[in-house]
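Here is a short briefing on one protein model and its ligand. Please look at the sequence and the structure first.

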Amino acid sequence: MRTMITNIGELTTNDSSEPLTDAAVLIDRGRIEWVGAADDAPSDPEGYEEVDAAGRAVIPGFVDSHSHIVFGGDRAEEFEARMAGQKYAAGGIRSTVAATRSASDDELRARLRGLLDEMLAQGTTTVEIKSGYGLDVATEERLVRLAAEVTPEVTFLGAHVVPAEYADRGDEYVDVVVGEMLDACAPHVKWIDVFCETGAFTVPQSRRVLEAGIARGLQPRVHASQLGRGEGVQLAIELGAASVDHGTYLTDADVAALAASDTVLTLLPGVEFSTRQPYPDARALIDAGVTVALACDTNPGSSFTSSMAFCIAVAVRDMGMTTAEAVWAATAGGARALRRDDIGVIAPGKRADLVLLDAPSRVHLAYRPGVPLIRHVWKDGARVR
Ligand code: NIG
Ligand code: FE
């Protein structure tokens with residue numbers, strides 16, 4: 001099945017520094033076959049379906065490299081309390097753990113697939129999904145197994161917080177995580193993650209978790225510096241993590257180390273928005289040479305948005321990013337955070353994951369916050385919206 005999208009007013013490829021104008025893209029089955037000026041588009045004797053973009057903008061599908069979308073219940077009341085002045089605390093995770101443990105596979109699957117559809121409708125064509133609301137061997141195994149049904153980007157986050165039954169016995173819980181739990185989960189996952197933060201896991205505990213995962217062939221990524229400064233960023237870089245996520249409170253040394261590393265910093269503006277924490281200064285980070293990605297961190301506690309467009313709008317409005325940088329961070333940046341070179345770019349040979357916006361330029365993503373601007377979505381060459 002071949003599709004020519006033509007009359008594209010502005011085409012963001014992430015393959016050239018400026019977007020193309022009056023462009024066209026040819027999709028052949030799951031891949032991009034050709035990209036260029038609409039006037040130069042190859043004719044096709046076999047015929048292809050033609051989609052007239054009528055001057056609208058096209059961007060790569062969003063790559064959301066950080067989500068926690070297999071869970072039970074929600075925490076709307078906690079959000080309300082926060083908006084009334086209460087502080088965010090990672091301990092809220094335990095209430096989602098209780099709701100998740102008591103949900104059936106079918107209930108969890110229905111919720112997961114509903115959120116995934118919601119994401120796809122908003123232009124997200126690749127999603128990373130973490131476990132972390134089970135925190136016992138059987139439930140963590142269920143979560144990674146369900147996530148693996150819908151994405152190859154599955155992350156084992158058994159070290160999310162210490163569950164209530166191990167209160168004050170964090171080291172014993174880590175023994176379980178790096179032992180029986182990792183054994184059960186490793187076959188379903190690509191990534192190992194840990195929440196390295198005061199109130200979650202210490203640096204030595206985090207190192208144990210990450211090194212155990214690496215020894216099993218998993219690749220590391222780390223939650224760090226969400227609630228305060230710490231050594232999690234340095235640990236992530238030392239262990240060659242693909243990404244360190246949050247980075248709300250960074251030291252100058254963290255920034256310098258990130259800039260000198262291959263580790264992406266994934267910023268999660270939905271978290272600062274819904275916890276009323278300060279937004280990181282993405283402008284300063286990019287100017288210092290840090291590679292920045294944007295992701296939603298969709299979860300019932302700290303950030304229950306699934307809209308990459310919303311994250312782009314906040315990043316532009318409050319974090320000093322240009323729209324071009326924010327769109328790059330939400331597409332190619334996310335791909336880099338997942339160490340993928342087949343997505344996030346519109347170029348021959350890449351996966352045909354694209355979004356046709358109901359707008360003449362990508363600037364509208366930030367300029368028209370909250371407005372549904374996703375007209376069509378192609379994933380692996382198939383039009384899914
Ligand atoms: O990425 N930081 C830890 N984990 C999630 C929050 C989870 C929750 O509050 O339920 C996050 O923000
Ligand atoms: Fe997270």
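The points below cover the overall fold, two helix pairs and the ligand shell.

This is a predicted model. The protein has 14 helices and 18 strands. Two of its helix pairs are described here, one crossing at roughly 30° and one at roughly 140°.

**Overall size**

- The C-alpha trace of the protein spans about 70 × 45 × 40 Å along its principal axes.
- The protein has a radius of gyration of 21 Å.
- A compact globule of 385 residues would have a radius of gyration near 21 Å, so the protein agrees with that value.

**Helices α4 and α5**

- Helix α4 covers residues 137-148, and helix α5 covers residues 170-185.
- Their axes come within 9 Å and cross at roughly 30°.
- Angles under 35 degrees count as roughly parallel, and α4 and α5 are therefore roughly parallel to each other.
- The crossing of α4 and α5 is right-handed.
- On the α4 side, the contact uses Val137, Glu140, Glu141 and Val144.
- On the α5 side, they meet Glu180, Met181, Ala184 and Cys185.
- By class, this contact of α4 with α5 holds 5 nonpolar and 3 charged residues, with no polar ones.

**Helices α11 and α12**

- Helix α11 runs over residues 308-318, and helix α12 over residues 323-330.
- The axes of α11 and α12 come within 9 Å and cross at roughly 140°.
- That angle makes α11 oblique to α12.
- α11 passes α12 in a right-handed crossing.
- From α11, Met308, Cys311, Ile312, Ala315 and Val316 take part in the contact.
- Their partners in α12 are Thr323, Ala326, Val327 and Ala330.
- The contact of α11 with α12 has 8 nonpolar residues, 1 polar residue and no charged residues.

**Ligand 1**

- Which residues come nearest to ligand 1? They are Ile93, His223, Asn299, Gly301 and Ser302, out of 14 residues around the ligand.
- The shell around ligand 1 divides into 5 nonpolar, 8 polar and 1 charged residues.

Definitions and conventions
Residues are numbered from 1 along each chain as its sequence is written. Chains are lettered from A and ligands numbered from 1 in the order in which they are written. This is a predicted model: local features need pLDDT of at least 70, side-chain atom pairs count only at pLDDT 80 or more; totals for chains, interfaces and linings use all residues. Axes are lines fitted to C-alpha atoms, for helices over the stretch in contact, and angles run from 0 to 180 degrees between N-to-C directions. Helices (H or I, at least four residues) and strands (E, at least two) are DSSP runs, numbered from the N terminus. Angles under 35 degrees count as roughly parallel, over 145 as roughly antiparallel, 65 to 115 as roughly perpendicular and the rest as oblique. A crossing is left-handed if the near helix is turned anticlockwise from the far one by less than a right angle, and right-handed if clockwise. Two residues are in contact if their C-beta atoms, placed from the backbone, lie within 7 Å. Ala, Val, Leu, Ile, Met, Phe, Trp, Tyr, Cys and Pro count as nonpolar, Asp, Glu, Lys and Arg as charged, and the others, Gly among them, as polar. A residue is near a molecule or strand if its C-beta atom, placed from the backbone, lies within 6 Å of it. The radius of gyration is taken over C-alpha atoms; the globule rule is 2.2 Å times the number of residues to the power 0.38.
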